[in-house]
Amino acid sequence: MHAAAVEQIGSWILQGRLLPGEALPNADGSKDTLGISRSVLRDAIKVLAGKGLVESRPKTGTRVRPRSEWNFLDPDVLSWRYSGAVNHEDVKALFELRRAIEPMSAALAAQRATPEQLAELNDALAEMEAFGDDGERFAEPDLIFHQTILRMTGNELIGSLAALIQTALVMSFRLSNDNPTGQRPSLPLHREVAERIAAGDGQGAQQALLVLLDHAEDDVRRAVESRNQRRKSQEPKT
């Protein structure tokens, strides 16, 4: 029960319905606002506090913390940020995050990948090729492809970022799921990444993944612009 409350309150904070410094509903009023009990609200607040979103103090209650203190590297926080309206600055931030992690991971993967990991990467690529025209079925092997590259680094710290990259990828898919060309145009770019890694070409793998991310960002930007234009055209005229 408290997981649903965490998601609802977290989404309200990230989407601006609850602003920094604003008080959360107290336990007495929570039933009218959230439909939850005091104990569920307390548990939700503990989780949200761990994500840097809220803080509780005597006499002042629980309030939203300043945006600069939010943990945007938390997968839930990242997901809530991109679940509402998105602009080009949001897209830019998402892909800057991916560029900071994935290309260097590909370079390390080219040096350290095991035969078993290379086979897993190729299996994921084969599934992506089979589902290139089906965005929903394409998403899972694409996620495996990118997470496998992180594991190939052999670096536990980088490997622990897999959940973060998963969230970033899912957000990318959600933002570009109405791309009329589907995902097939990205397949040669993914294959180039896999081939550079298999060849032990770290610099080539790094560059190939940068090109792949450039292509993905362009797709997401076009989809976001199209979606925002549709939303604007549907707004009631005054």
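**View 1. Arg174 sits in helix α9 of this predicted model.** Helices here are DSSP runs of H or I with at least four residues, strands are E runs of at least two, and both are numbered from the N terminus. Arg174 comes out partly exposed, with a relative accessible area of 44%. On that scale buried means under 20% relative accessible area, exposed means over 50%, and partly exposed is in between, using a 1.4 Å probe and protein chains only. Not counting residues up to four places away in sequence, Arg174 touches Ser79 and Arg227; a contact is a pair of heavy atoms within 4.5 Å. Val220 is 46 residues from Arg174 in sequence, yet their C-alpha atoms are 9.0 Å apart in space.

A quick note on the bookkeeping: residues are numbered from 1 along each chain as its sequence is written, and side-chain values use heavy atoms, with hydrogens and water left out. Since the model is predicted, local features need pLDDT of at least 70 and side-chain atom pairs count only at pLDDT 80 or more, while totals for chains, interfaces and linings use all residues.

**View 2. Helix α5 passes helix α9 (residues 162–176) in a left-handed crossing.** Left-handed says that the near helix is turned anticlockwise from the far one by less than a right angle; clockwise would be right-handed. The two axes come within 11 Å and cross at roughly 140°. That angle makes α5 oblique to α9. For the cut-offs, under 35 degrees is roughly parallel, over 145 roughly antiparallel, 65 to 115 roughly perpendicular, and the rest oblique. Axes are lines fitted to C-alpha atoms, for helices over the stretch in contact, and angles between the N-to-C directions run from 0 to 180 degrees. Who meets whom? From α5 come Leu94, Phe95, Leu97, Arg98, Ile101 and Glu102, and from α9 come Leu164, Ile165, Ala168, Leu169, Met171, Ser172 and Leu175.

**View 3. Pro103 and Ser105 are two residues to pick out in helix α5.** Pro103 is buried, with a relative accessible area of 2%. Leaving aside neighbours within four places in sequence, Pro103 is in contact with Arg98, Gln206, Leu209, Leu210 and Leu213. One of these partners, Leu209, is 106 residues away in sequence but 5.4 Å away in space, C-alpha to C-alpha. Ser105 is buried too, at a relative accessible area of 1%. With residues up to four places away set aside, Ser105 touches Ile149, Leu150, Thr153 and Ile158.

**View 4. Helix α6 (residues 115–130) has buried residues on one side.** Its 16 residues should span 22 Å at 1.5 Å a residue, and the end C-alpha atoms are 23 Å apart, which agrees. The expected span is 1.5 Å times one less than the number of residues. Which residues of α6 are buried? They are Gln117, Leu121, Ala124, Leu125 and Met128. These cover an arc of only 100° around the axis, so they share the same side of α6; the arc is taken from the directions from the helix axis to the C-beta atoms. Over on the other side of α6, Pro115, Glu116, Asp123 and Ala130 are exposed. The cover over the buried residues of α6 includes α5 (88–112), α7 (135–152) and α10 (187–198).

**View 5. Helix α3 (residues 38–50) also keeps its buried residues on the same side.** For its 13 residues, 1.5 Å a residue gives 18 Å, and the end C-alpha atoms are 19 Å apart, which agrees. The buried set is Val40, Leu41, Ala44, Ile45 and Leu48. Their arc around the axis is only 135°, which puts them on the same side of α3. Exposed on the other side are Arg42, Lys46 and Gly50. Just after α3, Gly52 takes a positive phi of about 80°.

**View 6. Helix α1 (residues 2–14) packs on α3 at an angle of about 55°.** Their axes are 8 Å apart, and the two helices are therefore oblique to each other. This crossing is right-handed. On the α1 side, His2, Ala5, Val6, Ile9 and Gly10 meet Val40, Leu41, Asp43, Ala44, Val47 and Leu48 of α3.
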